[in-house]
Amino acid sequence: MISHLKYSLKYLKYYLFSKHKKGHSIHSPFMFKLIIKVFNNDTINNDLQKVIEKHKELRKSKDTIEYDEIGAGSKYKKHKKEELGKIIKRSSISKKYGKLLFNLIQYFESKDILELGTSVGISTSYMAMASKELNIKSIEGVTSKTEIAKDLANQLNQNTEFIIGDFDDSLSEVLKNYDKLDFVFFDGNHKKVSTLSYFYKCLQKTHNNSVFVFDDIHWSTEMESAWNEIINNKAVKVSVDLFRMGIIFFKQELSYEKYVVKY
């Protein structure tokens, strides 16, 4: 992981030089609609409000969970005990980005969805609430976190399938259950080699309207390197850098473009 100072400087550069927040100077009708109807969509319906309220409640939770820490960025401690609220504040997505995932899935009418990195299920709950007709699976390596995510899904009446296992061992098998992937959220192992491996495996299930979202694309030099390789892949037509997240599209009718959008 890059230092806090370096990360802050990167964000400052992004904030100063990113543009298109209101869709200004965008010539692509696809991108203009995406910014106006998805990025700038402030609507909060009843379903989304339910997730937001539950998210807010869990951020205050003093309940403790025990787990073995795994993945890039961990200190590989043998065992940890931590308050649920602290885990969510430290590692889960914010309301702003949860709402973005929700809006993206609704806008593109995505049905077959995969998440790599459930954690305690905050991002999962935002995605699953976007429609009642989703085939959504989420993979997580830590059993105790998955149990929290399952409980959250039950409280929200969501039909998410949770898979416990290491991505390297589980992903190929999980992908056999998909004829296609409409939407993938990559939020697990933040190492370059692993991220690219998961991307190339999922790439085999894409179609013209697939959407891939990558979390923490500037979290480390490895993630930035992985992101750069991904957006230069010949299958990718449009990429959007929102600093915290990166989004790629495969629509062959679009011109090849890389956007850095202030969000």
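User: How many bridges join strand β6 to β7?

Analyst: This is a predicted model. In it, β6 covers residues 183-186 and runs parallel to β7. One of the contacts pairs phenylalanine 183 with valine 211 of β7. The number of bridges joining the two strands is 4.

User: Which residues of β7 lie on the side opposite Val211, Val213 and Asp215?

Analyst: β7 is mostly covered, with 5 of its 5 residues buried. Both faces are covered. Val211, Val213 and Asp215 take one side. On the other side sit Phe212 and Phe214.

User: Which helix and which strand each supply at least two residues of the lining of the largest cavity?

Analyst: Start with the lining. It includes Thr195 and Tyr198, and also Phe214 and Asp215. Thr195 and Tyr198 fall in the range 192-203, while Phe214 and Asp215 fall in 211-215. The two elements are α9 and β7.

User: What is the volume of the largest cavity?

Analyst: The structure holds 2 cavities of 30 Å³ or more. The lining of the largest cavity divides into 5 nonpolar, 4 polar and 2 charged residues. Its volume is about 70 Å³.

User: How many polar residues are in the lining of the second largest cavity?

Analyst: This cavity has a volume of about 50 Å³. Among its lining residues are Ser91, Ser92, Gly117, Thr118 and Asp187. The classes give 3 nonpolar and 1 charged. The polar count is 7.

User: Which helix gives the most to the lining of the second largest pocket?

Analyst: About 210 Å³ of space lies in this pocket. Its lining includes Lys10, Lys13, Tyr14 and Phe17. By class, the lining has 4 nonpolar, 2 polar and 4 charged residues. The helix that gives the most, with 4 residues, is α1.

User: What kind of aromatic pair do tyrosine 107 and phenylalanine 108 form?

Analyst: The count of aromatic pairs comes to 19. In the pair of tyrosine 107 and phenylalanine 108, the ring centres are 4.9 Å apart and the planes are at 85°. Planes over 60 degrees apart count as edge-to-face. So the pair is edge-to-face.

User: Is phenylalanine 108 buried or exposed?

Analyst: Its neighbour in the pair, tyrosine 107, has 32% relative accessibility and so counts as partly exposed. Phenylalanine 108 has 17% relative accessibility. The cut-off for buried is under 20%. Therefore phenylalanine 108 is buried.

User: How many residues apart are phenylalanine 108 and phenylalanine 249?

Analyst: These two form a tilted aromatic pair, 5.5 Å centre to centre, with 45° between the planes. The pair links distant parts of the chain. Phenylalanine 108 is in the loop between α5 and β3, and phenylalanine 249 is in strand β9. They are 141 residues apart.

User: Why does phenylalanine 249 count as buried?

Analyst: The rule sets buried at under 20% relative accessible area. Phenylalanine 249 falls under that cut-off because its relative accessibility is 1%.

User: Which residues form one aromatic cluster?

Analyst: β7 supplies two buried rings, Phe212 and Phe214, on one of its sides. Both belong to the cluster. The full list is Phe186, Phe199, Tyr200, Phe212, Phe214, Trp227 and Phe250.

User: Which lysine lies over the face of tyrosine 178?

Analyst: Two lysine and tyrosine pairings can be described here. Lysine 96 lies over the face of tyrosine 263, at 4.6 Å from the ring centre. For tyrosine 178, the distance to the ring centre is 4.8 Å, and the residue is lysine 137.

Technical notes:
Residues numbered from 1 in each chain as written. Predicted model: local features only at pLDDT ≥ 70, side-chain atom pairs only at ≥ 80, totals over all residues. Heavy atoms only, no water. 1 Å grid on protein atoms, 1.4 Å probe; cavity = no way out; pocket = protein on both sides within 12 Å on 5 of 7 lines; lining within 4 Å. Points joined across faces, edges and corners; volume = space filled by probe spheres on them. Nonpolar A, V, L, I, M, F, W, Y, C, P; charged D, E, K, R; others polar. Phe/Tyr/Trp six-rings, centres within 6.5 Å; stacked < 30°, edge-to-face > 60°. Buried < 20%, exposed > 50% of the residue type's maximum accessible area, 1.4 Å probe, protein only. Lys NZ or Arg CZ within 6 Å of the ring centre and 35° of its normal. Pairing = 2+ DSSP bridges.
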